[in-house]
Amino acid sequence: MIIVMKKGADKEQLAEVKKRIRELGYKPHVIHGETRNVIGAVGDERGKSVLQALESMPGVENVVPILKPYKLASREVKPEPSTIDLGGGVLIGGDNLVVMAGPCSVESEEQILETAHAVKAAGATVLRGGAFKPRTSPYSFQGMEEDGLKLLALAREATGLPIVTEVVNPRDVDLVARYADILQVGARNIQNFALLKMLGRLDKPILLKRGMATTIQEFLMSAEYILAEGNRRVILCERGIRTFETATRNTLDISAVPVLKEQTHLPVVIDPSHATGHASLVPSMCYASVAAGCDGLIVEVHPHPEKAASDGPQSLRPAEFAAMMKKLQAFAEVAGKKL
Ligand code: PEP
Ligand code: MN
């Protein structure tokens, strides 16, 4: 249920409505808009009609039942797009286009520093790199763990780029949060609700990747888990879904961008690397994603893809990444985005 406050409603009226929502056994979540405040009442779906009576309270404009199972993620609760401020002038959402780039896995000091400097020079504003790797095979490289996080922090110090890195296990949330500027939830963990709830209690942005068989509704419900715990800084990432096609590693669902834009205020980024699985296909999918209206890209870049510990075939070389970034400028302009 959404409680829309009147334009001129004051703080006391807002507080009274919140109090009443709690008395009725629901949790109020206030969204502060530019002209008015809106309260999402979250709780047991059954019996929610009792909230309808709040319409008579001073300062309340109307009470709108919403049919969508997600609320805080919805455009109904927050019509204007969310912008996430990473500091240092890096904004995600709105009319900003963010490019995150770096290796699949952190492998060595030399590798991460070389990549960080190269992607920064090409215009990326966030460095990616996995320290904990969720691999399909238990025999594949599992990541450098805390040593990898330390190397990412070193690369941030050297370049000023904020870092995004994956947390695989709830047990490691505090550790990863000590180093990361954005914590990534991988496709395989999209419905690890225990992990999502923990991330919801953090004061750090979360990059939530769509699972390979996740519907848009399920995707937004997973985002809702994080939002409902209080963390409003969620970035959605489409990274390809599993289809019958085998020419690409996954099938990039570009239509997820406009669909998500209709449903949610959260920023949407595209990962063309895991979506395609082949470096040669990555640039065209970057252009297409920006044309479709995404808020950013997360691209795998490796100085020596032939030697990469993971995902070499889909990693761009620094020169290829720089060429893609140059061409991307024109698409950003047409899409009305600042790169
Ligand atoms: C990754 O970003 O390296 C990764 C493992 O991605 P995904 O979870 O989308 O497979
Ligand atoms: Mn990867």
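Me: What does Phe-331 count as at 30% relative accessibility?
Reply: This is a predicted model, with local features taken at pLDDT of at least 70 and side-chain atom pairs at 80 or more, while totals for chains, interfaces and linings use all residues. Residues count from 1 along each chain as written, chains are lettered from A and ligands numbered from 1 in written order, and side-chain values use heavy atoms without hydrogens or water. Buried means under 20% relative accessible area, exposed over 50%, and partly exposed in between (1.4 Å probe, protein chains only). At 30%, Phe-331 is therefore partly exposed.

Me: In what order do the eight strands close into a barrel?
Reply: Strands (E, at least two residues) and helices (H or I, at least four) are DSSP runs numbered from the N terminus. Two strands pair if DSSP finds at least two bridges between them. In this barrel the pairing is parallel. The order is β7-β8-β9-β10-β11-β12-β13-β14.

Me: Which residue of β14 is the bridge partner of Met-100?
Reply: Strand β7 spans residues 98-102, and strand β14 spans 296-300. They pair in the parallel sense over five bridges. Opposite Met-100, the partner in β14 is Ile-298.

Me: Which residues are the protein donors of the manganese ion (ligand 2)?
Reply: Donors are N, O and S atoms within 2.8 Å of the metal (3.2 Å for Na, K and Ca); water is not among the atoms, so sites may look incomplete. Here the donors lie 2.0 to 2.4 Å from the ion. They are Cys-104 (SG), His-274 (NE2), Glu-300 (OE) and Asp-311 (OD).

Me: How many residues apart are Cys-104 and Glu-300?
Reply: Along the chain, the manganese donors follow the spacing C-x169-H-x25-E-x10-D. Cys-104 sits in the loop between β7 and α2, and Glu-300 in strand β14. This pair links distant parts of the chain, with a separation of 196 residues.

Me: Is Glu-300 buried or exposed?
Reply: Cys-104 counts as buried because its relative accessibility is 4%. Glu-300 comes out at 0%, so it counts as buried.

Me: Why is the pair of Phe-193 and Tyr-225 stacked?
Reply: Rings of Phe, Tyr and Trp (its six-membered ring) pair if their centres lie within 6.5 Å; planes under 30 degrees apart count as stacked, over 60 as edge-to-face, the rest as tilted. The structure holds two aromatic pairs. For Phe-193 and Tyr-225 the centres are 4.4 Å apart, and the pair is stacked because the planes meet at 20°.

Me: How many residues in sequence separate the parts that Phe-193 and Tyr-225 tie together?
Reply: Phe-193 lies in helix α5 (residues 193-200). Tyr-225 lies in helix α6, so the pair ties together parts whose separation is 32 residues.
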